[in-house]
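Student: Could you walk me through this one? I'm new to it.

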Amino acid sequence: MSRPWMPLYVGDYLKDTTHLSPAQHGHYLLLILHYWSKGGLPDDEQQLATIAHMTPDDWQRNRSTLQAFFHSGWKHKRLDQELKRHAEVYAKRVAASEKGVAVRTMNRYRKR
């Protein structure tokens, strides 16, 4: 399932990130964008640094600040909730679409 857009609650984001430097904002946004598009983050320091577009030294200096937004295994509570909600809405839309196709197909055969 593709997720071409992601909800971003600007007030909540700003409330939680006022202490970040401009660069840290960018790194954090890259991490959450990857999380949204892939359904999570790898639990591998080198991959996380690459996703955040950071050198290994930058990663070591900023890791703890960025990690504070995540819990064990680089999980993100808010994104997990939004991903679950997105999956539920998607499933309902697929079911409604399948039902609509079935009704149209049945109506076509009735007219014959």
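Tutor: Sure, here are a few questions and answers about the model. It's predicted, so to speak of local features we need pLDDT of at least 70, and side-chain atom pairs count only at pLDDT 80 or more, while totals for chains, interfaces and linings use all residues. Residues are numbered from 1 along each chain as its sequence is written, and side-chain values use heavy atoms, with hydrogens and water left out.

Student: Is F70 buried or exposed?

Tutor: Buried means under 20% relative accessible area, exposed over 50%, partly exposed in between (1.4 Å probe, protein chains only). F70 has a relative accessibility of 7%, so F70 is buried.

Student: What kind of aromatic pair do F70 and W74 form?

Tutor: The whole structure holds 6 aromatic pairs. Rings of Phe, Tyr and Trp (its six-membered ring) pair if their centres lie within 6.5 Å; planes under 30 degrees apart are stacked, over 60 edge-to-face and the rest tilted. F70 and W74 sit 5.2 Å apart, centre to centre, with 50° between the planes, and that makes the pair tilted.

Student: Which helix supplies the largest share of the largest nonpolar core?

Tutor: A nonpolar core is a set of buried Ala, Val, Leu, Ile, Met, Phe, Trp, Tyr and Cys residues joined through side-chain atoms within 4.5 Å. The largest one has 21 residues, and Y28, L31, L41, W59 and F70 have the most contacts inside it. Helices are DSSP runs (H or I, at least four residues), numbered from the N terminus. With 5 residues, the largest share comes from α2.

Key. Helices (H or I, at least four residues) and strands (E, at least two) are DSSP runs, numbered from the N terminus.
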